[in-house]
Amino acid sequence: MIPATTAQGTTAPGTADPAAVRRRVTVRGTVQGVGFRPFVHRLAAELGLAGHVRNGVEGVVAEVEGAPESVAEFCRALTGRPPPLADVREVAQETVPALGAAGFVIHTSEGGGAGRTLIPPDIATCEDCLRELADPADRRHRHPFITCTHCGPRFTISTALPYDRATTTMAAFPLCRECATEYADPADRRFHAQPVACHDCGPRLRLTVPGGRPCEGGAALAEARRLLARGAVLAVKGLGGYHLACDATDERAVAALRGRKERGGKPFAVMCADAAVAERLAHIGPEEREVLTGRRRPIVLLRRREGAEGLADSVCPGSPDVGVMLPYTPLHRLLFGLPGDPPGPDVLVMTSGNRSGEPIVTDDTEARERLTGIADAWLWHDRVIEVPCDDSVVRVRADGGGEVVLRRSRGHVPEPVALPVPVSPALAVGGDLKNALCLGAEGSAWFSPHIGDMGDLATVRAFERAEDRLRALTGVEPELLAADRHPGYHSTRWAKRTAEARALPLLPVQHHHAHIASVMAEHGLDGGARVIGVAFDGTGYGDDKAIWGGEVLIAGYDGYRRFAHLPYAQLPGGDAGVANPCRMALARLRAACLPWDADVPCVAACTPLELRLLEQQLDQDIACVPTSSMGRLFDVVSSLAGVCHRSRYEAQAAIELEAAAALAWPEETGAYVFADGLDPGPVLAAIVADVRHGVPVPVIAARFHRAVAVAVAKVCRAARRETGAEVAALSGGVFANALLDAECAALLDADGFTVLRHRRVPPNDGGLALGQLAVAAHRDRRQRQGGR
């Protein structure tokens with residue numbers, strides 16, 4: 001049972017001190033689930049104030065009464081020294097009549113209505129809880145769900161606002177007497193910690209093995225470690241969904257997981273027992289260590305050490321990076337073992353629990369159905385995951401440009417992104433790859449967790465559930481919708497159906513305009529700003545119905561002009577062409593009037609029949625779409641240089657080309673030269689010549705990367721001369737390439753540009769919805785103003 005209030009005295013009316021004042025204070029922001037009410041309680045006691053505090057739909061609401069100087073100090077402290085996980089956005093105050101109250105209490109939360117407060121993200125287990133977890137004398141020794149006010153699940157267990165145990169999936173676990181005492185004690189670290197539990201009253205951990213006897217608790221963990229050490233694949237229930245785990249040093253286990261999941265060659269992320277183990281695998285600088293060990297605990301892309309000790313070849317073949325994370329739940333820590341436990345793997349593959357192309361699994365019954373044939377056993381528990389939330393992925397820029405989020409999910413969601421101008425309530429639905437929604441109102445925008453690629457019905461359903469939860473947990477009901485202009489996108493079709501059903505306006509936004517608006521909004525540019533936007537990605541629907549992706553735009557929220565772009569080349573077979581970079585390379589050679597000689601790697605990679613069919617296809621323009629995509633140009637060069645001819649996962653050819661370039665970086669300072677701004681013809685001819693002369697592949701790859709950066713700087717200079725714009729904004733999935741991103745920024749900065757790059761919002765399509773929201777909201781505001 002949970003006490004409804006925690007009393008230190010009463011708040012019954014009495015005789016008011018004539019010198020006393022009483023003030024009602026509403027604190028908005030991320031102030032629920034972060035120990036804010038206990039903080040207010042302690043602060044009031046410290047200052048000798050009476051009154052009460054409660055959670056409400058608008059945030060935390062307190063009334064305090066006492067000496068005027070103490071009340072003033074109380075209000076200052078709310079913003080000056082809040083709890084570490086809080087994000088105070090606004091403090092509203094009003095004077096109310098003094099009541100002569102004594103003592104200070106925490107009242108039951110107030111529900112109903114619409115609010116603008118938010119639950120914090122899920123946070124990694126704190127050091128205090130980890131010490132208790134490992135202490136045999138502590139009553140929570142080896143408790144897989146240990147948590148306190150400063151750590152643990154928040155967002156993924158929340159069912160509604162305001163944030164209280166009754167509105168989380170922990171409501172199913174009544175507190176035992178000891179936990180209830182801690183919960184009610186203002187001096188305790190677990191005072192009003194909603195997920196608090198122990199071995200007696202908390203969730204139960206179980207291990208299920210097909211054909212075997214199930215086990216629980218410590219026995220389940222011991223058997224799970226033993227299975228991992230023997231090469232098994234485990235489905236492990238985490239905070240926001242299931243993971244698939246195996247020993248990352250066991251080549252047979254990793255290869256088995258890759259084959260069962262039909263993962264192709266796409267890299268796996270790994271979880272290391274601690275930072276020292278991670279150091280064996282990758283180079284970790286001070287900033288990377290801070291991100292890796294911080295409270296968010298994302299997957300951090302790190303440069304692999306050559307011959308990384310013990311890591312199976314199948315973990316991340318062909319990639320210059322390895323995605324590393326550290327344990328962020330007590331269950332993870334126990335899975336690696338505490339001192340005295342039998343030794344087990346200290347590096348685990350820890351990948352999303354799903355089949356390739358499907359959303360992450362959260363439901364236990366569904367996990368046993370959908371992961372059958374992949375997992376050998378299931379380590380799970382009976383705490384329900386209300387909100388699916390995959391792991392975030394980040395990179396720390398080596399050039400001092402800070403952290404960039406490549407996938408914004410656990411640890412970041414649902415933290416709001418501040419908007420430069422207030423917006424009407426609006427929902428932007430993103431794109432079809434790396435989909436994430438964005439809901440905005442007033443001065444804030446909230447992303448959904450990463451949803452994934454909208455390729456099947458399961459993902460569309462996950463998209464719909466995410467939209468429902470985002471509206472419920474923000475209290476925002478959209479008055480307009482924004483979507484990509486591509487008529488075939490699943491997200492756009494959903495937006496059209498929903499706009500009709502809800503009688504809402506739908507505003508289409510061009511794909512690359514949204515990319516540039518996204519980075520503008522992230523950096524707080526106002527409605528009158530104009531930038532030189534460099535939008536490089538793989539695919540985007542152009543105004544002329546061609547596939548764009550190598551664009552330089554003169555852009556603001558109100559519109560854009562296409563200043564320059566890569567010349568078109570035919571993309572033979574659409575998606576089939578994307579999966580076969582050698583075919584795209586042949587199309588680019590033809591567009592540049594270069595012959596298909598047998599000694600060119602992309603020609604040699606094709607069969608004679610394939611060459612004949614492709615020649616006919618290009619001659620007769622059969623199933624060919626013109627593209628200006630820079631992402632496809634990276635694929636072309638990857639095949640021309642002999643790096644990758646067939647892609648088994650998105651961006652494989654470009655990733656492997658970057659890996660090759662890294663081997664010659666920064667020593668190789670040469671660069672190929674684009675003609676007329678972004679014409680790649682001379683670059684392709686020079687690459688073919690270098691291949692014939694035996695120039696090493698890493699040198700070719702490095703020269704190409706520098707060539708693109710030099711061309712970007714040249715085009716931006718031309719745009720500045722014409723427009724006077726001094727700000728260059730870089731966005732699009734190609735800028736996930738660390739070498740290109742850093743080199744473009746360095747050249748532009750040296751040339752006097754203010755350079756905008758993404759940090760908290762992904763440069764790829766995971767950040768697209770923020771740009772859609774900004775453009776649509778600006779357009780809607782102008783229309784409303786014009787109607788007055």
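In the predicted model, Leu207 stands opposite Cys215 of strand S8. Strand S7, which spans residues 205–208, is joined to S8 by two bridges, and the two strands run antiparallel. Both belong to an open sheet of 11 strands with mixed pairing, ordered S8-S7-S15-S9-S10-S14-S11-S13-S12-S16-S17. The edges of this sheet are occupied by S8 (215–216) and S17 (403–407), each of which pairs on one side only. Helix H5 (residues 217–229) packs on the sheet, where its contacts include S7, S8, S9 (234–237) and S10 (242–247). Strands S14 (347–352) and S15 (377–381) are also touched by H5, and the direction of the helix makes about 45° with that of S7.

A further open sheet comprises four strands in the order S19-S18-S20-S21, again with mixed pairing. Strands S19 (438–447) and S21 (506–509) form its edges; each has a single partner strand, so one side of each is left without a neighbour in the sheet. On average, neighbouring strands here are turned by 60° against each other when direction is ignored. Within this sheet, S18 (residues 417–428) and S20 (residues 480–484) pair in the parallel sense over three bridges, and Leu427 has Leu481 in S20 as its bridge partner. Two helices lie across strands S18, S20 and S21: H12 (residues 490–502), running at about 160° to S20, and H13 (residues 511–522), running at about 95° to S21.

Helix packing is illustrated by H20 (residues 681–692) and H21 (residues 697–723), whose axes come within 10 Å and cross at roughly 165°. Because angles over 145 degrees count as roughly antiparallel, H20 and H21 are therefore roughly antiparallel to each other. Their crossing is right-handed. The contact brings Val683, Ile687, Asp690 and Val691 of H20 together with Ile700, Arg703 and Phe704 of H21. By class, the residues of this contact comprise five nonpolar, two charged and no polar ones.

Salt bridges number 60 in the structure. One of them is formed by Asp558 and Arg782, with the closest N and O atoms 3.7 Å apart. Asp558 is located in the loop between strand S23 (547–556) and strand S24 (559–565), whereas Arg782 belongs to helix H23 (residues 768–787), so the pair ties together parts that lie 224 residues apart in sequence.

Methods: Residues are numbered from 1 along each chain as its sequence is written. This is a predicted model: local features need pLDDT of at least 70, side-chain atom pairs count only at pLDDT 80 or more; totals for chains, interfaces and linings use all residues. Side-chain values use heavy atoms; hydrogens and water are left out. Two strands pair if DSSP finds at least two bridges between them. Contact means heavy atoms within 4.5 Å. Axes are lines fitted to C-alpha atoms, for helices over the stretch in contact, and angles run from 0 to 180 degrees between N-to-C directions. Angles under 35 degrees count as roughly parallel, over 145 as roughly antiparallel, 65 to 115 as roughly perpendicular and the rest as oblique. A crossing is left-handed if the near helix is turned anticlockwise from the far one by less than a right angle, and right-handed if clockwise. Ala, Val, Leu, Ile, Met, Phe, Trp, Tyr, Cys and Pro count as nonpolar, Asp, Glu, Lys and Arg as charged, and the others, Gly among them, as polar. A salt bridge is a side-chain nitrogen of Lys or Arg within 4 Å of a carboxyl oxygen of Asp or Glu.
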